[in-house]
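This report describes a single chain as it appears in a predicted model. Please keep the sequence and the structure at hand while reading.

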Amino acid sequence: MATFAVELDGYTDLPPGKLANVVTFLEMREPPPAPPAISPDVVLKPRPDPGWYRTLYQRIGEPWLWFSRAAMSDAELMAGLWQSTTEVLALQSDGVSIGLAELDYAVPGSVEIATFGVVPEAVGTGAAHTLMTALLARVFGRGAARVWLHTCTFDHPKALAFYRRAGFQPYKFAIEVSDDPRATGKLPATAAPQIPLLLGK
C-alpha cells in the first residue's frame, strides 16, 4: 500500500480514489441545564438485527458517505452491536424507525456516540432533537461523566451546529484519509453526488 506525507502547512495532493475529511471532536461533561426528556418514541434495541441496522444506517448515512458499518459482514456487525458495552437506540414514528444512535460504553465513565442521525425526510422536523435529548437523559442517568462524538466535513452541513446547540463543546480537530467507498464498491457511485468521485485519468 502506497504511503504519502500529509503537509500540516499548505496543501497535500491525494492519490486517486482517496478522500480527506476534517474531523471535529466534541464532548459534554455535564448534563444540559434543562433536564433532558425521555420520549416514548425512543426505544432500546437489544441485540439488533443486522439487516434492520444496515438498512437504517444506509438510509441515514449514504448521502454523507457513511461506510464503516456498510462494509462489515453480518457477523462483524453483530460482534460489535451485540457487545455488552454497546447500546443501540431507535427513534420510531408510526412504528417505523427514523433515527439511530449507537452508544459505546467501553471506557468506564465515558460514553461515545458512535453513530447518530435521522433519515433525510425527518431532518428539520425536531426528530434529531428528540433522539438526542432522550440519549443524553439515558447516559447521564446511568452516571456518565463524559459523552463525546465526532463529525466531519462530509456530514450534514448543519450537524456541527446541531451538536453545539445540544451542549457539546469542540475540543480537537483531526484529518481523516480513507478510500472513497464509491471507488471500492462499498457504496454506489451515485451516493453523495455533492462530493466529487475522482478516480484519476
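The text below treats the sheet, then the helices that pack in pairs, and then two single residues.

**The sheet**

The model is a predicted one, and in it seven strands form an open sheet with mixed pairing, in the order β2-β3-β4-β5-β6-β1-β7. The strands β2 and β7 (169–179) stand at the edges with a single partner strand each, so one side of each has no neighbour in the sheet. From one strand to the next, the twist averages 25 degrees. Helix α1 (residues 50–61) packs on this sheet, where it touches β3, β4 and β5 (110–118), and its direction makes about 105 degrees with that of β4.

Three of the strand pairings can be set side by side, with the residues of each strand and one pair of bridge partners where it applies.

| Strands | Sense and bridges | One pair of facing residues |
|---|---|---|
| β2 (residues 42–44) and β3 | antiparallel, three bridges | Val43 and Ala90 |
| β3 and β4 (residues 96–107) | antiparallel, eight bridges | Thr86 and Asp104 |
| β1 (residues 18–28) and β7 | antiparallel, 10 bridges | Val22 and Ile175 |

Strand β3 (residues 86–93) is mostly covered, since seven of its eight residues are buried. Together with β4, strand β3 forms a hairpin that has two residues between the strands, and Asp94 in the turn has a positive phi of about 55 degrees. In a regular strand, the side chains alternate between the two faces of the sheet.

**Two pairs of packed helices**

Two packed helices are described by the angle between their axes and by the distance between those axes. For α1 and helix α2 (residues 74–81), the packing angle is about 90 degrees and the axes are 10 Å apart; the two helices are therefore roughly perpendicular to each other, as angles of 65 to 115 degrees are counted in that class. The residues that meet are Pro50, Tyr53 and Arg54 in α1, and Asp74, Leu77, Met78 and Leu81 in α2.

Helix α3 (residues 127–141) and helix α4 (residues 159–166) pack at an angle of about 45 degrees, with their axes 11 Å apart. That angle makes α3 oblique to α4, and the crossing of α3 and α4 is right-handed. On the α3 side, Ala128, His129, Met132 and Leu136 meet Phe162, Tyr163 and Ala166 of α4.

**Two residues in detail**

Thr133 has its place in helix α3. Is Thr133 buried or exposed? Its relative accessible area is 19%, and because buried means under 20%, Thr133 counts as buried. The side chain of Thr133 also reaches the backbone oxygen of Thr130, at 3.1 Å.

Leu149 is found in strand β6 (residues 146–152), and at 2% relative accessibility Leu149 counts as buried. Which residues does Leu149 touch, when those up to four places away in sequence are not counted? They are Thr24, Phe25, Leu26, Ile113, Met132, Tyr163 and Phe168. Among these, Thr24 is 125 residues from Leu149 in sequence, while the two are 8.6 Å apart in space, C-alpha to C-alpha. Two residues of this list also take part in the packing of α3 and α4, where Met132 belongs to α3 and Tyr163 to α4.

Terms used
Residues are numbered from 1 along each chain as its sequence is written. This is a predicted model: local features need pLDDT of at least 70, side-chain atom pairs count only at pLDDT 80 or more; totals for chains, interfaces and linings use all residues. Side-chain values use heavy atoms; hydrogens and water are left out. Buried means under 20% relative accessible area, exposed over 50%, partly exposed in between (1.4 Å probe, protein chains only). Helices (H or I, at least four residues) and strands (E, at least two) are DSSP runs, numbered from the N terminus. Two strands pair if DSSP finds at least two bridges between them. A polar contact is a pair of N or O atoms within 3.5 Å; within protein, one must be able to donate a hydrogen and the other to accept it, and residues adjacent in sequence count only if both atoms are side-chain atoms. Axes are lines fitted to C-alpha atoms, for helices over the stretch in contact, and angles run from 0 to 180 degrees between N-to-C directions. Angles under 35 degrees count as roughly parallel, over 145 as roughly antiparallel, 65 to 115 as roughly perpendicular and the rest as oblique. A crossing is left-handed if the near helix is turned anticlockwise from the far one by less than a right angle, and right-handed if clockwise. Contact means heavy atoms within 4.5 Å.
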